Amino acid sequence: MAATASPQVLAAPRLEPRVRTDPALVRWTLIVVGGVFLGLFLFLPLAAVFANALERGWGTYLAALKEPEAASAIRLTLLTSAIAVCLNVVFGVAAAWAIAKFDFLGKNLLITLIDIPFSVSPVISGMIFVLLFGAQGLFGGWLASRDLKIIFAVPGLVLATTFVTFPFVARELIPVMQALGSEEEEAAVTLGAGGWKTFFRITLPNIKWGLLYGIILCNARAMGEFGAVSVVSGHIRGLTNTMPLYIEILYNDYQFVSAFAIASLLTLLALLTLVAKSLVEWKTERQLAPQDSVREEGS
Amino acid sequence: MSIEARNIAKRFGDFVALKDVTLQVPAGELVALLGPSGSGKTTLLRIIAGLEFPDAGSVFFDGVETTDRSVQDRGVGFVFQHYSLFRHMTVFENIAFGLRVKPRRERPPEERIRARVNELLKLIQLDWLATRYPLQLSGGQRQRVALARALAVEPKVLLLDEPFGALDAKVRQELRRWLRRLHDEIHVTSLFVTHDQEEALEVADRVVVMNEGRIEQEGAPDEVYHQPANAFVYHFLGNLNLFHARVKDGKTYIGEPVNGRGHVSGGVPLAYVRPHLLDIDRQPTGENHIPAWVKHINSAGPLVKVELETSRGDSIHVEMSHERYQELLLKKDDAVFVSPRDVKVFGDSQAHAPATQ
């Protein structure tokens, strides 16, 4: 066919996407496989959560959420993740700043250490804190003599959650800050801005979308954390049960509607996170892709 | 305000950036730090600004030691090669930044800030771009905004790090003339770093030539150009041909050209000749000439550039006026004689024998 085509036709730019050249069978097979997989593993479970939660109508659903123990679990989850996110924003920004802007001995070690919570099983993360602060732990006696409780109490939950979610903010910010370099900060200090003014007026506005993205992911993980929290919680109803732990207890008690009602809240959070994440990604892309610069005007 | 850097030394790991450099910039002058990359010029500028700290030596502004003062307290205006404008602020806010971050006691009222920024926008002829963001500007416009931003806080000295390095040739030329005119207007002591000898010679009151962490020569542009202190300076300030030299009765005769083939042998003095200081003749004139053949002619430009080859295959570059070129009626492969009008011989030429261009 190509042999009969005129040179002009051959030279014409190809406007149609390449995908069109794959046979229809291949295309449709791939799309169907992808669709079926998504349906089975994502949409079906999602739908099941809401279907089970609303099985006995809105009244029962809302009643399950109003249970004092449920309310307490929700409050505790919000508190724990709020503290964990705040701590990780501070740690994450500090770590990313150090890694992106300075050269120092052990920099690569620090980068590896930041990733540890990703590679260690959450249960082990929880165990670490029990070994450190538990009754038989390293600091257990010291803490007991001062009547301080960490394990089986809120501080333990906060510690475990913070540990598990530590990498999210730092990991997100390191590449952003490395790409930005430190020239704008240098410009700011030559103009007389001090350290804090430079951070709040120059650095923060430049990293805000990356930071927000890290916070969203960090928060989602903090609220949904089960393994590490389960080890340090002690499952004291109304006191140290976060939402994921409470769901497990309800489920084991055959209170399916209540379990799924709470689960639906976490699911909603996940969906909200997805929307927020896409919004931030879209914003970041727009920020990174500048409009075509204006050509030099004669002066 | 005058700047003085005394016995500055700085190393980065194994790399020695500056070796005992002493530099003086008199108040109100525009001085160029000229040198190839890695010569330490930018490091020196950053040490003067306070963005870098020297391993040894001190910096003085108007005779007052400022070596240990932070950047913020030095009152310098710094212009970066890649502009470093604040990308999330408009042109107006970029220029206003230095005034807005002043401590409350010193901060001018809002209307004074506005007036000052508008005045600077007029000075850089970009008042119509006040509400744009840096990414919407061209390179030349960005650099002018960066300059206005540095000037907003009325710095005592202005330091520019390759200010036109990232711009294309045409804009670069326009902008450097504009900088010269601006300096004549505001007279702030300025020190700028460049690797472009044309830029340094055209813009600066004084040129400081640097190489390998040392100052090779400093002086007025014509002084540096016409009385180079050594082979490096001569080589760095323009193209040249390198010949074996014979000195007889105080006159220097040129021998075989020295090219990239490594003819340089110990003890042989070298003669340096700029391409426009070589003459081409059909007939041998006097005794100071060597025979060569025309290999390539490029007559596009203000001067005609002729590349010649000797019998041994070394090349010689000659530049001549169009009139002379027409007189000679040169063609490729013509046999001619090359003679120098001016020859430079340096005592240290061995150490600085440059690579072929």
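## A look around β7 of chain B and the rest of the complex

In β7(B), B:Leu160 is the bridge partner of B:Val79. That is a handy way into this predicted model, so let's start with the strand and work outwards.

**β7 and its neighbours**

Strand β6 (residues 76-79) of chain B pairs with β7(B) in the parallel sense, over four bridges. β7(B) also pairs with strand β8 (residues 189-194) of chain B, again parallel, this time over five bridges. In that second pairing, B:Thr189 of β8(B) stands opposite B:Val157. To get from β7(B) to β8(B), the chain goes through helix α6 (residues 169-186) of chain B, and this β-α-β crossover is right-handed.

What holds such strands side by side? Strands of a sheet pair through backbone hydrogen bonds, in either a parallel or an antiparallel way.

Is β7 (residues 157-161) of chain B enclosed or open? Five of its five residues are buried, so the strand is largely enclosed by the rest of the structure. Both faces are covered: B:Val157, B:Leu159 and B:Asp161 are buried on one side, and B:Leu158 and B:Leu160 on the other.

**The nonpolar cores**

B:Leu159 turns up again in the largest nonpolar core, which has 107 residues. Along with B:Ala32, B:Leu33, B:Ile48, B:Ile95 and B:Leu191, B:Leu159 is one of the residues with the most contacts inside that core. Which residues does B:Leu159 touch, leaving aside its neighbours within four places in sequence? Its contacts are B:Leu45, B:Ile48, B:Ala49, B:Val76, B:Gly77, B:Phe78 and B:Leu191. As for elements, helix α5 (residues 139-152) of chain B gives the most to the 107-residue core, with seven residues. There is also a second, separate core of 57 residues, and A:Ala96, A:Ile114, A:Ala160 and A:Ala220 are among its members.

**B:Val203, at the end of a helix run**

B:Val203 sits in helix α7 (residues 197-203) of chain B. This valine counts as buried because 23 other C-beta atoms lie within 10 Å. Leaving aside neighbours within four places in sequence, B:Val203 is in contact with B:Leu30, B:Ala32, B:Arg176, B:Leu179 and B:Arg180. For B:Arg180, which is 23 residues away along the chain, the C-alpha atoms of the pair are separated by 5.8 Å.

**Another sheet in chain B**

Further along chain B there is an open sheet of four strands, in the order β12-β11-β13-β19, with antiparallel pairing. Its edge strands are β12 (251-257) and β19 (344-345) of chain B, each of which pairs on one side only. Strand β13 (residues 270-273) of chain B pairs with β19(B) in the antiparallel sense over two bridges. Within β19(B), B:Lys344 is the bridge partner of B:Tyr272.

Here are the strand pairs of chain B mentioned so far:

| Strand pair | Sense | Bridges |
|---|---|---|
| β6(B) and β7(B) | parallel | four |
| β7(B) and β8(B) | parallel | five |
| β13(B) and β19(B) | antiparallel | two |

**Chain A and its contact with chain B**

Chain A has 13 helices and zero strands. Of its 299 residues, 32% count as buried. Among the contacts in chain A with a separation of 6 or more, 74% are between residues 24 or more positions apart.

The domain assignment splits chain A into domain 1 (23-53) and domain 2 (58-288). Their C-alpha centres lie 31 Å apart. Five residues of domain 1 are in contact with eight residues of domain 2, and the domain 1 side of that contact has four nonpolar, one polar and no charged residues.

How many residues of chain A are in contact with chain B? The count is 22, and they meet 26 residues of chain B. The elements giving two or more residues to the chain A side are α9 (183-190) and α10 (195-224) of chain A, and α9(A) gives the most, with six residues. By class, that side has eight nonpolar, seven polar and seven charged residues.

**Two aspartates with positive phi**

Most residues other than glycine have a negative phi. A:Asp147 has a positive phi near 60 degrees, and B:Asp62 has one of about 55 degrees.

A:Asp147 is in the loop between α7 (140-145) and α8 (154-180) of chain A. B:Asp62 is in the loop between β4 (56-61) and β5 (64-65) of chain B. Are they buried or exposed? A:Asp147 is exposed, with 6 other C-beta atoms within 10 Å, while B:Asp62, with 13 C-beta neighbours inside 10 Å, counts as partly exposed.

Key. Residues numbered from 1 in each chain as written. Chains lettered and ligands numbered in written order. Predicted model: local features only at pLDDT ≥ 70, side-chain atom pairs only at ≥ 80, totals over all residues. Contact = placed C-beta atoms within 7 Å. Nonpolar A, V, L, I, M, F, W, Y, C, P; charged D, E, K, R; others polar. Core = buried A, V, L, I, M, F, W, Y, C linked by C-beta atoms within 7 Å. Buried ≥ 20, exposed ≤ 12 C-beta atoms within 10 Å, placed from the backbone. Domains from an automatic or database assignment. Pairing = 2+ DSSP bridges. Right-handed = clockwise from strand over helix to strand, strands pointing away.
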